[in-house]
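The following exercises are to be worked through with the sequence and the structure at hand. Each task is followed by a solution in steps.

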2 protein chains.
Amino acid sequence: MSGPARPTSHASSKAAVLDVIRAAGTISRVGLITATGLTGATISTVVRGLIEDGLVVETGRAESTGGKRRVLLQLDHSSRYAVGVHLDHAGITYVLTNLGGSVVGRISRPGAGAAKPADVVARMAGEVAALVGSVGIDRERVLGIGLVSPGPLSAATGMALPPPTMRQWSDFPVDAALGQATGLPVLLDNDATAAALGEHWSGGVDNAATVAAIYMGTGIGSGLLVNGIAYRGASGNAGEVGHICLDPDGPQCWCGARGCLEALAGPAAVVAEARSDRALAKTSGLAGRRTRSVAADFAAVSRAARKGEAAAVALLERSARYLAVATRTLANIMDLEVVVLTGPSFAIAGAIYAPILQEELDRAFFSRANHAVRVRLSASAATASAIGAAAMVLQSELVPLHHGLRLQGIEPEPVARVT
Amino acid sequence: MSGPARPTSHASSKAAVLDVIRAAGTISRVGLITATGLTGATISTVVRGLIEDGLVVETGRAESTGGKRRVLLQLDHSSRYAVGVHLDHAGITYVLTNLGGSVVGRISRPGAGAAKPADVVARMAGEVAALVGSVGIDRERVLGIGLVSPGPLSAATGMALPPPTMRQWSDFPVDAALGQATGLPVLLDNDATAAALGEHWSGGVDNAATVAAIYMGTGIGSGLLVNGIAYRGASGNAGEVGHICLDPDGPQCWCGARGCLEALAGPAAVVAEARSDRALAKTSGLAGRRTRSVAADFAAVSRAARKGEAAAVALLERSARYLAVATRTLANIMDLEVVVLTGPSFAIAGAIYAPILQEELDRAFFSRANHAVRVRLSASAATASAIGAAAMVLQSELVPLHHGLRLQGIEPEPVARVT
């Protein structure tokens, strides 16, 4: 047994204090002692450093409770910014967030499609510059870019096993390329993990201790949060809910296995069935038109279902029942409290899926005698991944340890425990 | 968002130092600084406290490397002891371990069977006293009892949803009863989680960052370790691999769902099939005999398979293929590096299961482009849960925070990160 133990670094106290201030809005030093469990001396030192770095400002005093009125602290929201980029086949979403995690700028542009990765990266660099320029902030205050994309990542080559629609990105060092093109540090992560963090920063997960954000775009993934911290696993690829096996002899999945949720009931499977049903293909607007993207076609089927088209409703309900069973498996493994449905393909269809998932979890979640699993629909399904990508940069800058995250796989310190 | 943030407590430094000393055997203060990342001043303070408490002793000096020879520290292994009790339908295993986690006494006694919980607890109290007495240690040095059992736990009533064989334990406050009968503090946990910790303390998991110990006794469960720390989930019931759904329309499981791994391919399913095959029932010694216990009957089928009985081999290989698919799902969710097969039902059959699991993970684990998942057979399959139960007590005593574990669900601090 060898290798260094986890350092109990000073940075973690700093990050814990910052996260408490962020969540509280304003808070006194005494409040920080209570909320973090750190000593008064540590809080004094940490707060002094944060003020010197310009991250935190003093902002008046609390109402008196008898004694001396306490000085309140808050983040200087405009002291730092980060760019979040969500790169997908069907679209690229960019957000600029401030230190508090609020979105101060956002643009959506065409996806990677079939273009060469190098060309897409060159375009992305221009779009990042345009976003930052349009908001009119000091570029020096932009800490870096969080870049998130589908599928497993590898430390060596970026996307190790991208989904079929992005196969040409395999072995392309996308983070290094974007870093070079923009001059900004780039953190690369999984879009589903980012979505979970985005939901947490947006307040969408009830501050539960164990949360899965199920992300449906072209495929189905999930991001896992434990006490507000992303659980990443050995290589940053935990939570692959789309590749939960629901039938060992089922249809072949692109990942190499059989009977995966995604192959049985993911957006591509739903769209293929909708196209094979002549009447439904017509009413949903798919007939006679080439596939634009799976996500766009899935949205068309979802809109037909929302209008009450029975065949579309039946298709989505069947998909939802498979997802409900896979979510039960996920909940049984992680002992979850909250499941939030996010990502563009839930933006329209989520209202059909949520009650079916809730019913399944109420009926058959293994630990239902102890606690329920609550299913939530995201309020920011289309942008959660980009917001989470920016949040990762803010966290990583605040906690130097986090720069090694992509290599380490496991979150080394609790930074996002919110009070 | 409210509730206290995670305290960065002094206890965690103490626990980290202790765990490093335990894993290293002997180590100098300078070595502790390197291994823990703590400052020299902190190490001095913590080590002084540990020596005053009698947990650590100075033990000569390291060989000179030119300068002053460094004083070496090691645990005083006989300064503290803990009892681990693994309570199951088919048997009760007791171990007494010292502060280093070494087993200094062990007994096995008949299981809970159909006896009244109160009667079983009275017997257990006598058996604990006999074990401690037989080893001849000072009873004052026994910190407490770690009690582990199958199935989900609840803070209010002990076993919230025990498996069918232990249904009469539902709502019986087993930890309080055993505490009263013995006069020792009792920590209650899941036997699969304990098995994982037992494997970690026994050195069976290669110091990997993400580990699942798949536990097969009467049922199938798993304990999950992240950096040597048990991942417990919201209510201490994470890792329910036996209730991964492999067929949404499959056979009814006792848990209320359909198509669970345990219903399709667990020991009870294997035994039922073996009994229905007249020839196999005869050669495996099941024919004409009433079921003693599922675990004993499963062991009989396993022995027949190990002797080359083709029908028994086929049955276990079929069970192993289901378990392999469920393990792939578990690995895809947790992004695992190591799977260790433990528990009494793997003690004989593990050699048949392990290669089938390894083949499935090599072929179809989602992140196989990044890293392999290694399958290991436990060297202490029959006692890992009891060892882990005792380890929990040692950890909890060393880290006061851990006393709240059963209620909190989530491990609050890294204590078992081994270097």
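**Exercise 1.** In this predicted model, determine in which sense strand β2 of chain A and β3(A) pair, and over how many bridges.

*Solution.* Locate β2 at residues 56-61 of chain A. Its pairing with β3(A) is antiparallel and runs over four bridges. One residue pair to inspect is A:Arg61, whose bridge partner in β3(A) is A:Val71.

**Exercise 2.** Establish the order of the three strands in the open sheet of chain A, and state which are the edge strands.

*Solution.* Step 1: strand β1 (residues 27-28) of chain A pairs with strand β3 (residues 71-75) of chain A over two bridges, in the antiparallel sense. Here A:Ser28 lies opposite A:Leu72 of β3(A).

Step 2: β3(A) also pairs with β2 of chain A. The order is therefore β1-β3-β2 in chain A, an open sheet with antiparallel pairing.

Step 3: β1 and β2 of chain A each pair on one side only, and these are the edge strands.

**Exercise 3.** Why do A:Cys245 and A:Cys255 form no bond with the closest cysteine sulfur?

*Solution.* Step 1: apply the cut-off, since a disulfide requires two cysteine sulfur atoms within 2.5 Å.

Step 2: for A:Cys245, the closest cysteine sulfur belongs to A:Cys260 at 6.4 Å, which is too far for a bond. A:Cys245 is buried, at 0% relative accessibility.

Step 3: for A:Cys255, the closest cysteine sulfur is again that of A:Cys260, at 3.8 Å, also too far. A:Cys255 is buried, with 3% relative accessible area.

Step 4: over all chains, the structure holds zero disulfides.

Methods. Residues numbered from 1 in each chain as written. Chains lettered and ligands numbered in written order. Predicted model: local features only at pLDDT ≥ 70, side-chain atom pairs only at ≥ 80, totals over all residues. Heavy atoms only, no water. Buried < 20%, exposed > 50% of the residue type's maximum accessible area, 1.4 Å probe, protein only.
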